[in-house]
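User: Hey, I've just opened this one and I'm new to it. Can you walk me through it?
Analyst: Sure, here it is.

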Amino acid sequence: MRKNFGAKPYTYPQPVFIISTYDENGIVDAMNAAWGGIIDTNQIAIALSADHKTVKNILKQKAYTISMATSEYVKECDYVGVVSANNNPNKMAKTRFTYIQSDFVNAPIIEQLPMCLECKMVSYDTESEIMIGEIINVSADESVLTEGKIDPFKLHPITFDPCNNGYIELGMRVGNAFKDGLELK
């Protein structure tokens, strides 16, 4: 028997994205967003309400970075989502985060979050509140690489659990993409 929940934003996994920008004075801001994903080979879409300081910054700068939240920094990643820079412009001082400038876009990279998408804004629809970004570069710290590729077991990315308002670290490998299903042909 199945239980019906109605129309809810429930999917698994929901990546936890930490979106970072500079404001008009060069001050770093970041926010937590979970409603987003890849929409083309070099584009990402994220639902972001216009009242966020980070969104205002992106609309001015036309650039941002998206870091994958990790289990080691779950408190900081949650904090940047529950505290608004609109009310607390120095909110980033409470985190353990440090930053470097992206070589590809005018936006900061959080050094402690080892995987980052560096993006240019393509569009923002104020009605749907969907922002589309062009992925200019993906960078990853060497500490999360195995044989030159990003290793999710070293990255320790987290996913948002919308049903229980929690974060879950992604787990074990269970199959091989583009291969295991071939057995059913």
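User: Let me start somewhere specific: is Cys-163 buried or exposed, or in between?
Analyst: Cys-163 is partly exposed, with a relative accessible area of 35%. Buried means under 20% relative accessible area, exposed means over 50%, and partly exposed is in between (1.4 Å probe, protein chains only). Keep in mind that this is a predicted model, where local features need pLDDT of at least 70 and side-chain atom pairs count only at pLDDT 80 or more, while totals for chains, interfaces and linings use all residues. Residues are numbered from 1 along each chain as its sequence is written, and side-chain values use heavy atoms, with hydrogens and water left out.

User: How many disulfides are there?
Analyst: Zero, taking a disulfide as a pair of cysteine sulfur atoms within 2.5 Å. For Cys-116, the nearest cysteine sulfur is that of Cys-119, and it is 7.6 Å away. Cys-116 counts as buried, at 1% relative accessibility.

User: OK, zooming out. How many helices and strands does the protein have?
Analyst: Three helices and 14 strands. Those are DSSP runs numbered from the N terminus: helices are H or I with at least four residues, strands are E with at least two.

User: And how compact is the protein?
Analyst: As compact as a globular protein of that length, because its radius of gyration is 17 Å, close to the 16 Å that the globule rule gives for 185 residues. That radius is taken over C-alpha atoms, and the rule is 2.2 Å times the number of residues to the power 0.38. The C-alpha atoms fill a box of roughly 55 × 45 × 30 Å along the principal axes. Of the 185 residues, 40% count as buried.

User: Which residues touch the most other members in the largest nonpolar core?
Analyst: Ile-19, Ile-44, Tyr-64 and Ile-66, out of 21 residues in that core. β9 gives the largest share, five residues. A nonpolar core here is a set of buried Ala, Val, Leu, Ile, Met, Phe, Trp, Tyr and Cys residues joined through side-chain atoms within 4.5 Å. Apart from that one lies another core of 15 residues, including Val-16 and Phe-160.

User: What about α1, which of its residues are buried?
Analyst: α1 spans residues 53-61, and Lys-53, Thr-54, Val-55, Asn-57 and Ile-58 are buried there. The cover over them includes β2 (17-22), β3 (28-33), β6 (63-68), β9 (115-125) and β10 (130-140). Right after α1 comes Lys-62, with a positive phi near 65°.

User: Switching to sheets: what's the strand order in the open sheet of three strands?
Analyst: β1-β13-β14, with antiparallel pairing. Strands pair if DSSP finds at least two bridges between them. β1 (14-15) and β14 (166-169) are the edge strands, each pairing on one side only. Two bridges join β1 to β13 (residues 158-161), and Pro-15 stands opposite Thr-159 in β13.

User: Last one: how many aromatic pairs are there?
Analyst: Three. Rings of Phe, Tyr and Trp (its six-membered ring) pair if their centres lie within 6.5 Å; planes under 30 degrees apart count as stacked, over 60 as edge-to-face and the rest as tilted. Phe-5 and Tyr-10 are edge-to-face, because their centres are 6.0 Å apart and their planes are at 65°.

User: Why is the Tyr-73 and Phe-97 pair tilted?
Analyst: Because their planes are at 45°, with ring centres 5.9 Å apart. Tyr-73 lies in the loop between β6 and α2 (74-82) and Phe-97 in the loop between α2 and β7 (99-101), so the pair ties together parts that are 24 residues apart in sequence. Both Tyr-73 and Phe-97 are buried.

Terms used: Contact = heavy atoms within 4.5 Å.
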